[in-house]
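Here are a few friendly notes to read alongside the structure. Take them one at a time and look up each residue as you go.

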Amino acid sequence: MNRVVVGLSGGVDSSVAAAILHNQGYEVVGLTLWLMKGKGQCCSEGMVDAAFICEQLGIPHHIVDSRDVFQAHIIDYLVAGYSDGITPLPCSQCNKTVKFGPMVKYAREQLGIAKIATGHYARISYNSDTGRYQLLRAVDQSKDQSYFLYDLTQDLLGASVFPLGEMHKTETRKIAAEFGLKTADKPESMDLCLVEANGSMREFLDKYLAAKKGDIVDREGRVLGQHDGVHHYTIGQRRGLGIAAAEALYVIGIDAVNNRVVVGDRTHLTQPECTVSRVNWVSIAPPTTPIRAEVQIRYRTTPAPVTVIPLMDGQDAHPTRVKLVFDEPQLSITPGQAAVWYDGDILLGGGIIERQN
């Protein structure tokens, strides 16, 4: 019970997670997933730093080649989504399918270890009344990453440990310095690993999707300008439209079938409701009647009061689609992004925002 596999990306957070557990007397094994070539904290230089941390702590270090998994579940997923006119959120998909799932499998099958730990800022508790693991926001709300973990299953939550969930980032840096960790002053990753590795999302997508000119139109279909690929646009975008207009225009729709980008003023960005698919119920059993909650439709948006209405498909007793009805209309509801709903600090569930008619 005192053995744990720690996922090491080569950053300060995962390094401190490993150091804390090692200092507490756990038998720690470092595990790094090789996801892609090139720059990026989870890859080339990240593996070197992770190996150095393991050497500092005197623990074994394993590297698993996960490039094919990352290609299939993240890169291909992103490219297909942007090509189809949506804006996918890769991080939640990556956490469940590429990171936590394979790490737990490797720990159990190759090392005979039941628990994994990561440097995520989130908390896990067990509710003995419901028999479910609960996912909670981190104490440091400014660094909370529970939003990206909404798709974790009960099995994965039960196998996971988040040593930093009760800490603030300043404490993490302090502990890293106290342990003399090489990563103590390492800059924090501020963007998607694919963006960091390629310079921008546009540059990444241009490697896979050819330019395809089309029209930028208003809601009535009047042509206002030209674009060079719908994959360069996302709902709510204002900059880079190349349109001269008397008022600010925003992307309010992406019509990939007809290769058009639809623009309008700010009032056209608000919606009173949306539907969400691929729902994962985390801290509670799937409800069959509406519940009240607070929802985030993007990582940094302010939680908004909402009614979550399960959409029952035939005899399905476990709804995987819901309708979100907001108390106040919300801006820039973007298909492909995650909607995640909470009761206070407790993450109840989440899913992927569907394209609206």
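1. Let's begin with a charge and a ring. Arg137 lies over the face of Tyr342, and its distance from the ring centre is 3.6 Å. Please keep in mind throughout that this is a predicted model.

2. A second example of this kind involves a lysine. Here the charged end of Lys182 sits over the ring of Phe52, at 5.8 Å from the centre of that ring.

3. Now for rings that meet other rings. How many aromatic pairs does a search of the whole structure find? There are seven. One of them joins Phe148 and Tyr299, with 4.5 Å from centre to centre and 50° between the planes, and this pair is tilted. Phe148 is in the loop between strand E6 (132-137) and helix H5 (154-158), while Tyr299 is in the loop between strand E13 (291-296) and strand E14 (304-310), so the pair ties together parts of the chain that are 151 residues apart in sequence.

4. Are these two rings buried or exposed? Phe148 has 15% relative accessibility and counts as buried, because the cut-off for buried is under 20%. Tyr299, at 22%, counts as partly exposed. There is also a cluster to find here: Tyr147, Phe148 and Tyr299 form one aromatic cluster.

5. Next, have a look at two tryptophans. The ring centres of Trp281 and Trp341 are 5.7 Å apart and the planes are at 65°, so this pair is edge-to-face; the cut-off for that label is over 60 degrees. Trp281 belongs to strand E12 and Trp341 to strand E16 (residues 338-343), so to speak two distant parts of the chain, 60 residues apart, that the pair links. Both residues are buried: Trp281 has a relative accessible area of 7%, and Trp341 has a relative accessibility of 0%.

6. Finally, spend a moment on Asp265, which lies in the loop between strand E11 (260-264) and strand E12 (270-281). Which side chain of opposite charge is nearest to Asp265? That is Arg219, 7.4 Å away; Asp265 is buried yet has no salt bridge. The side chain of Asp265 does have a polar contact of 2.3 Å with the side chain of Thr267. Leaving aside residues up to four places away in sequence, Asp265 touches Glu247, Ala248, Leu249, Tyr250 and Ile252.

How values were computed
Residues are numbered from 1 along each chain as its sequence is written. This is a predicted model: local features need pLDDT of at least 70, side-chain atom pairs count only at pLDDT 80 or more; totals for chains, interfaces and linings use all residues. Side-chain values use heavy atoms; hydrogens and water are left out. Helices (H or I, at least four residues) and strands (E, at least two) are DSSP runs, numbered from the N terminus. Buried means under 20% relative accessible area, exposed over 50%, partly exposed in between (1.4 Å probe, protein chains only). Lys and Arg count as positive and Asp and Glu as negative; His and the chain ends are not counted. A salt bridge is a side-chain nitrogen of Lys or Arg within 4 Å of a carboxyl oxygen of Asp or Glu. A polar contact is a pair of N or O atoms within 3.5 Å; within protein, one must be able to donate a hydrogen and the other to accept it, and residues adjacent in sequence count only if both atoms are side-chain atoms. Contact means heavy atoms within 4.5 Å. Rings of Phe, Tyr and Trp (its six-membered ring) pair if their centres lie within 6.5 Å; planes under 30 degrees apart count as stacked, over 60 as edge-to-face and the rest as tilted. A charge sits over a ring if NZ of Lys or CZ of Arg is within 6 Å of the ring centre and within 35 degrees of the ring normal.
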